[in-house]
Amino acid sequence: MPAAASALVRLAEAAAQTPPESTQQAVGYPTLFVLVALGALVPVIPTGALVSTASVVAFHQESLPFGLLLVFGVSSLAAFTGDLALYWLGRRGVRSRGGSRWLEALRRRASPERLAQAQRKLDEHGVLVLVVSRLVPAGRIPVMLACLLAELPLRRFARGDAPACLAWAATYGLIGILGGSLFSDPWKGVALAVGLTLAISGAPALWRRR
């Protein structure tokens with residue numbers, strides 16, 4: 001995680017020295033979309049930190065507030081795309097007799113206790129639980145697996161996941177805005193935003209270990 005945070009800080013410093021137009025059109029937004037979408041499939045990418053970093057950089061550009069709106073739109077769309085792709089891959093494993101590596105990967109990332117809790121929440125609140133799961137660290141996968149085991153259609157999953165991705169992008173975007181507003185130098189805002197997002201994501205695991 002520290003190495004990922006350091007890489008994000010260096011990326012933000014380089015982006016801040018590039019003209020806003022070329023950063024946004026040629027590098028910034030396409031890169032943000034690809035990394036966030038991949039982060040929904042591969043858990044090693046800190047997508048929340050990416051969104052916060054992009055928000056800090058956009059906050060210090062002349063295109064404010066349009067840059068922030070683009071960060072919000074791109075990141076929420078990328079998260080939604082990645083979630084749908086992962087859910088579709090998981091449904092293929094549920095329907096097949098031998099399962100799939102994607103479904104098994106989801107099972108390994110969700111403890112039996114958290115899966116049982118997610119299944120109860122899904123029974124009580126339906127797909128609305130997806131909104132909360134996106135905002136709770138390590139909450140997305142157990143709820144998605146519960147939806148898969150309940151054999152929710154992809155369309156119904158998408159209806160619940162869309163507002164979840166919007167709320168997620170807005171939350172981490174606000175963290176980036178906070179970091180950008182406190183410091184005049186973008187890299188300082190990035191360091192604060194990345195630190196906050198990594199602390200939020202790592203707090204549940206640290207608590208369970210204790």
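Tutor: Welcome! A residue counts as buried here when its relative accessible area is under 20%, as exposed when it is over 50%, and as partly exposed in between. Keep in mind that this model is predicted.

Student: Thanks! How many helices and strands does the secondary structure of the protein come to?
Tutor: Read along the sequence, the protein follows the pattern α-α-α-α-α-α-α-α-α-α. The count that goes with this pattern is 10 helices and 0 strands.

Student: What percentage of the 210 residues in the protein do buried residues make up?
Tutor: For this we ask which residues fall under 20% relative accessible area. Out of the 210 residues in the protein, the buried share is 42%.

Student: Among contacts between residues at least 6 apart in sequence, what percentage join residues at least 24 apart?
Tutor: A contact here means heavy atoms within 4.5 Å. When the pairs in contact are at least 6 apart in sequence, the share that joins residues at least 24 apart is 76%.

Student: Let's look at α3. How many of its 13 residues are buried?
Tutor: Helix α3 runs over residues 47-59. Its buried residues include Thr 47, Leu 50, Thr 53 and Val 57. The helix is mostly covered, and the buried count out of 13 is 12.

Student: How far apart are the end C-alpha atoms of α3?
Tutor: At 1.5 Å a residue, the 13 residues of this helix should span 18 Å. The model agrees with that expectation, since the end C-alpha atoms are separated by 18 Å.

Student: Moving to α6, what span should its 14 residues have?
Tutor: Helix α6 covers residues 112-125, and we allow 1.5 Å a residue. The end C-alpha atoms of α6 are 20 Å apart, in agreement with the expected span of 20 Å.

Student: Within what arc do the buried residues of α6 fall, seen down its axis?
Tutor: An α-helix has 3.6 residues a turn, so residues three or four places apart point the same way. In α6 the buried residues are Leu 115, Ala 118 and Leu 122. They line one face of the helix, because seen down the axis they fall within an arc of 60°.

Student: Which exposed residues does the face of α6 turned away from its buried side carry?
Tutor: On the buried side, the cover includes α7 (129-135) and α8 (140-149). The face turned away from that side carries the exposed residues Glu 113, Asp 123 and Glu 124.

Student: At what angle do α6 and α8 pack?
Tutor: The crossing of α6 past α8 is right-handed. The axes of these two helices lie 8 Å apart, and the packing angle is about 65°.

Student: How many nonpolar residues are there in the contact of α6 with α8?
Tutor: From α6, the contact involves Arg 114, Leu 115, Ala 118, Gln 119 and Leu 122. They meet Pro 142, Val 143, Leu 145, Ala 146, Cys 147 and Leu 149 in α8. This set holds 1 charged residue, 1 polar residue and, as for the nonpolar ones, 9.

Student: Which residue follows α6?
Tutor: The residue after this helix has a positive phi, near 70°. It is Gly 126.

Student: Is Glu 151 buried or exposed?
Tutor: Glu 151 sits in the loop between α8 and α9 (154-182). Its phi is near 55°, a positive value in a residue other than glycine. With a relative accessible area of 57%, which is over the 50% cut-off, Glu 151 is exposed.

Student: Which residues does Ser 76 touch, not counting residues up to four places away in sequence?
Tutor: Ser 76 belongs to helix α4 (residues 66-95). It counts as buried, because its relative accessibility is 7%. Leaving out residues up to four places away in sequence, Ser 76 touches Cys 165, Leu 166 and Ala 169.

Student: What distance separates the C-alpha atoms of Leu 89 and Trp 102?
Tutor: Leu 89 also lies in helix α4, and at 16% relative accessibility it counts as buried. Along the chain, Leu 89 and Trp 102 are 13 residues apart, while their C-alpha atoms are separated by 6.4 Å.

Student: And what distance separates the C-alpha atoms of Leu 38 and Asp 83?
Tutor: Leu 38 is part of helix α2 (residues 20-41), and it is partly exposed at 38% relative accessible area. Leu 38 and Asp 83 are 45 residues apart along the chain, and their C-alpha atoms are separated by 9.5 Å.

Terms used. Residues numbered from 1 in each chain as written. Predicted model: local features only at pLDDT ≥ 70, side-chain atom pairs only at ≥ 80, totals over all residues. Heavy atoms only, no water. Helix = DSSP H or I, 4+ residues; strand = E, 2+ residues; numbered from the N terminus. Expected span 1.5 Å × (residues − 1). Buried < 20%, exposed > 50% of the residue type's maximum accessible area, 1.4 Å probe, protein only. Arc of directions from axis to C-beta. Axes fitted to C-alpha atoms, helices over the stretch in contact; angles between N-to-C directions. Left-handed = near helix turned anticlockwise from the far one by under 90°. Nonpolar A, V, L, I, M, F, W, Y, C, P; charged D, E, K, R; others polar.
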